Amino acid sequence: MQYTAKVNLAIRTSAKAHEGQYRKGSDTPFITHPYSVALISQKYLPDENVFIAAMLHDVLEDVPEHVYSRTDLRRDFGDTILGIVEDVTEPPITEPTAEAWMARKQGYIDHLAEVADIRPLIVSLSDKIHNMTEIIREYDNRGNKVWEFFHAERKKEIWFYESVFAVLQQKVLPEEAISDYAELLKKLKTPR
């Protein structure tokens with residue numbers, strides 16, 4: 001992948017859209033997440049559209065529409081990038097309950113199972129790899145307190161990562177990607 005004007009625009013757009021946001025329970029700027037996901041994605045599929053979609057993968061989910069909307073994304077990056085981002089965007093939160101969380105996560109898993117294009121699958125896998133890496137790192141620093149920052153208990157969070165993994169294993173993805181995910185999932189599940 002080359003550094004292009006479109007890649008630069010994606011980096012700047014993501015940084016601006018996520019300005020003032022932080023990782024759960026942390027003082028780490030949120031922009032570190034999309035940038036990490038974009039870098040991870042290139043290990044498995046070096047492709048400009050994958051990098052750009054990874055940089056923007058949380059804008060429709062975590063950024064208010066008045067800051068950056070679906071219309072803005074289509075205007076700035078086109079239908080291909082919009083489609084990849086939509087494929088990895090979770091349904092909106094309807095209410096802050098355990099049942100709503102489960103329904104939202106199940107909706108994401110069900111949709112991911114229907115995705116045939118490798119590009120959103122790589123973005124999703126890279127997103128989960130970065131999230132698990134950070135959870136494990138935070139767990140090593142904070143212990144079980146890390147789970148206080150999530151909308152669901154540890155058992156349900158692990159269920160989600162296992163369920164996504166089950167879907168990804170059914171897809172044609174690079175062996176190294178599946179292996180990396182499996183290794184992190186094993187660490188996440190191992191009690192310390």
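These legends accompany several views of one predicted protein model.

**View 1. The protein chain is built from helices and has 0 strands.** The count is 9 helices. Read from the N terminus, the order of elements is α-α-α-α-α-α-α-α-α. The radius of gyration is 16 Å, close to the 16 Å that the globule rule gives for 192 residues, so the protein chain is as compact as a globular protein of that length. Along its principal axes, the C-alpha trace spans about 45 × 35 × 30 Å.

**View 2. Inside and outside of the protein chain.** Of the 192 residues, 48% are buried. The accessible surface comes to about 9,800 Å². Carbon and sulfur atoms own 52% of that surface. Now look at charge: the protein chain carries 24 positive and 31 negative charges. The mean positions of these two sets are 3 Å apart.

**View 3. Contacts across the sequence.** Take the contacts in the protein chain with a separation of 6 or more. Residues 24 or more positions apart account for 70% of them.

**View 4. Helix H8 covers residues 154–169.** H8 has 16 residues. From its first C-alpha to its last, H8 reaches 22 Å, close to the 22 Å expected at 1.5 Å a residue.

**View 5. The buried residues of H8 and their partners.** Aromatic names to find among the buried residues of H8 include Phe-160, Tyr-161 and Phe-165. Ile-158, Val-164, Val-167 and Leu-168 are also buried. So are Glu-157 and Ser-163. Which helices do the buried residues of H8 pack against? They pack against H6 (98–114), H7 (118–142) and H9 (175–189).

Technical notes
Residues are numbered from 1 along each chain as its sequence is written. This is a predicted model: local features need pLDDT of at least 70, side-chain atom pairs count only at pLDDT 80 or more; totals for chains, interfaces and linings use all residues. Side-chain values use heavy atoms; hydrogens and water are left out. Helices (H or I, at least four residues) and strands (E, at least two) are DSSP runs, numbered from the N terminus. The radius of gyration is taken over C-alpha atoms; the globule rule is 2.2 Å times the number of residues to the power 0.38. Buried means under 20% relative accessible area, exposed over 50%, partly exposed in between (1.4 Å probe, protein chains only). Contact means heavy atoms within 4.5 Å. Accessible areas come from the Shrake-Rupley method with a 1.4 Å probe; for residues, only the protein chains shown count as cover. Lys and Arg count as positive and Asp and Glu as negative; His and the chain ends are not counted. The place of a charge is taken as NZ of Lys, CZ of Arg, CG of Asp or CD of Glu. The expected span of a helix is 1.5 Å times one less than its number of residues.
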